[in-house]
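Colleague: I am new to this structure and would be grateful for a close look at a single part of it, followed outward into its surroundings.

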Amino acid sequence: MQPQFSAAELAGSLAPLGRARMLPGPAYTSRAVLDYEQRRFFAGTWTCLGRSDELLAPGETARSATVGGVPVLLTRDEAGGLRAFANTCRHRAHELLAPEGAGRRQAVVCPYHGWSYRLDGSLLAAPGFRDAEGFSPEEYGLVQLPLETWRGWSLVNASADGGPLAEHLGDLDGLVTPYAPERLTRLATHAYDVAANWKIVVENYHECYHCPLIHPELCRVSPPDSGENYALSGAWVGGRMDLRSGTATMSLDGRSAGRPIAGVDPRAVLYLGLFPNLLLSLHPDYVMAHRLEPIDVDRTRIECSWYFPSADIDPSYAVDFWDLTNRQDWAACESVQRGVASPHYRPGPLGPGEDAVHAFSGMVARGYLDQEAQAAQR
């Protein structure tokens, strides 16, 4: 794939912390760059589709999605098995399900010429081809895509040429495992439409240098200069922050209305970003997940969900805190987007408190040079 920038243009982003700078302006404003990111980062690695048990509504057996510009078909069979296929008919390439389409069916039928497929992707019927010389139905099953479930979330490699998920995750799994998010219950979800590039949202997530100025509520329960970032393997960036003495969790009053998650540090909050689109905030008593979907170069759809140890908890203590904090962040991100679109933008320096931003921008920069994202982390 053709690199989007020269090595010279990315030298500032790849320089050691202390001399490093933000990404070049077109990284945030060019649709050609976004198209590259969609295919290289979103289709070409492991993109989170959502929680495995929520991808298809009750009763649905098939749903379409688009990952990095690639049409994807999701199916769930009677045994509960989840699969991903290219949403492309093997006859004349018509989409089997329209974008955002879903339904309950025993087979998926192409609306163009009536070819039909079982939920396992095998060809069920090809009208008019029964007596066609040399036609072998076994050769025309749907193209299956790598789909794996990790800690309750489903991730797909829509290009089908990415590396193993375990390699992509690296040491991240060891940090997330104690929270057992796959056993937690989703009690709230908010959807946001943010007028900013997806990378600006991720960069903002990975530093608290901005917290004293725009997050007074957060600073009351967690010192903005606390904690540390991790230097471990995998295509992710993140670290931990501490709770202030006398506080139990991230809430407006520092108190928890939930239950502790057994076996995790009661004084720490982990902020972990799995490349390219899953941000996990792990608290002593709940897990919050942001799932990002780039809609345009200056627009990102964000699904924010909260998960708790049991269904009888009132989640508002966590949701109210983070909805306020999210909206403060989104306003800042939208201002940055307007700033990078200015003809006067020049990449600014990254300081000591922005080491996780440096790790993320290095990961992106190496991706622009068509190198592995994981190699960029450390």
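To begin, how far does the backbone nitrogen of Trp 198 lie from a polar atom of the side chain of Thr 300?

Modeller: The model is predicted, and the values below are computed from it. The backbone nitrogen of Trp 198 lies 3.1 Å from a polar atom of the Thr 300 side chain. A second backbone atom is also involved, since the oxygen of Ala 196 lies 2.7 Å from a polar atom of that side chain. Both distances fall within the 3.5 Å allowed for a polar contact.

Thr 300 itself belongs to strand 18, which covers residues 299–308. Its relative accessibility is 0%, and Thr 300 therefore counts as buried, the limit being under 20%. Leaving aside residues up to four places away in sequence, Thr 300 touches Tyr 192, Asp 193, Val 194, Ala 196, Asn 197 and Trp 198, together with Leu 292, Glu 293 and Ile 295.

Trp 198 leads from this site to the nonpolar interior. The largest nonpolar core has 58 residues, and Trp 198 is among those with the most contacts inside it, alongside Met 250, Phe 275, Tyr 286, Trp 306, Trp 322 and Tyr 368. Helix 9 (residues 316–340) supplies the largest share of this core, eight residues. Apart from that core lies another of 26 residues, among them Leu 169, Leu 184, Ala 268 and Leu 282. As a general matter, nonpolar side chains tend to be buried together in soluble globular proteins.

Tyr 368, named above for its contacts in the largest core, is also one of the buried residues of helix 10. This helix is mostly covered, with twelve of its 14 residues buried. The buried residues include Ala 356, Val 357, His 358 and Phe 360. They pack against helix 1 (11–14), helix 2 (26–29), helix 3 (31–43), helix 6 (198–205), strand 13 (228–229) and strand 14 (236–242). The length of helix 10 can be checked as well: at 1.5 Å a residue, its 14 residues (355–368) should span 20 Å, and the end C-alpha atoms are 20 Å apart, so the two values agree. Just after helix 10, Asp 370 takes a positive phi of about 65°.

Strand 14, one of the elements against which helix 10 packs, leads on to strand 15. Strand 14 and strand 15 run antiparallel and are joined by seven bridges. In this pairing, Gly 238 has Leu 272 of strand 15 as its bridge partner. Strand 15 also pairs with strand 16 in the antiparallel sense, over five bridges, and here Gly 273 is partnered by Leu 279 of strand 16. Three residues lie between strand 15 and strand 16, which form a hairpin.

Strand 15 (residues 268–274) is largely enclosed by the rest of the structure, because seven of its seven residues are buried. Both faces are covered: Ala 268, Leu 270, Leu 272 and Leu 274 are buried on one side, and Val 269, Tyr 271 and Gly 273 on the other. Ala 268 has already appeared as a member of the core of 26 residues.

Beyond strand 16 (278–282), the loop leading to strand 17 (287–296) holds Pro 284. With a relative accessibility of 7%, Pro 284 counts as buried. Not counting residues up to four places away in sequence, its contacts include Ala 268 and Val 269, as well as Leu 243, Arg 259 and Pro 266. The C-alpha atoms of Pro 284 and Thr 88 are separated by 44 Å, these residues being 196 apart along the chain.

The cysteines complete this account. The count comes to one disulfide, formed by Cys 208 and Cys 211 with their sulfur atoms 1.9 Å apart. The link between Cys 208 and Cys 211 is left-handed, with -105° about the S-S bond. Both partners are buried: Cys 208 has a relative accessible area of 11%, and Cys 211 has a relative accessibility of 2%.

Two other cysteines are informative by contrast. The sulfur of Cys 110 has its closest cysteine sulfur in Cys 89, at 3.9 Å, which is too far for a bond; a disulfide requires sulfur atoms within 2.5 Å. For Cys 333, the closest cysteine sulfur is that of Cys 211, 12 Å away, again too far for a bond. Cys 110 is buried, with a relative accessible area of 4%, and Cys 333 counts as buried at 0% relative accessibility.

Conventions. Residues numbered from 1 in each chain as written. Predicted model: local features only at pLDDT ≥ 70, side-chain atom pairs only at ≥ 80, totals over all residues. Heavy atoms only, no water. Helix = DSSP H or I, 4+ residues; strand = E, 2+ residues; numbered from the N terminus. Expected span 1.5 Å × (residues − 1). Buried < 20%, exposed > 50% of the residue type's maximum accessible area, 1.4 Å probe, protein only. Contact = heavy atoms within 4.5 Å. Pairing = 2+ DSSP bridges. Core = buried A, V, L, I, M, F, W, Y, C linked by side-chain atoms within 4.5 Å. Polar contact = N/O pair within 3.5 Å; in protein donor to acceptor, adjacent residues only side chain to side chain.
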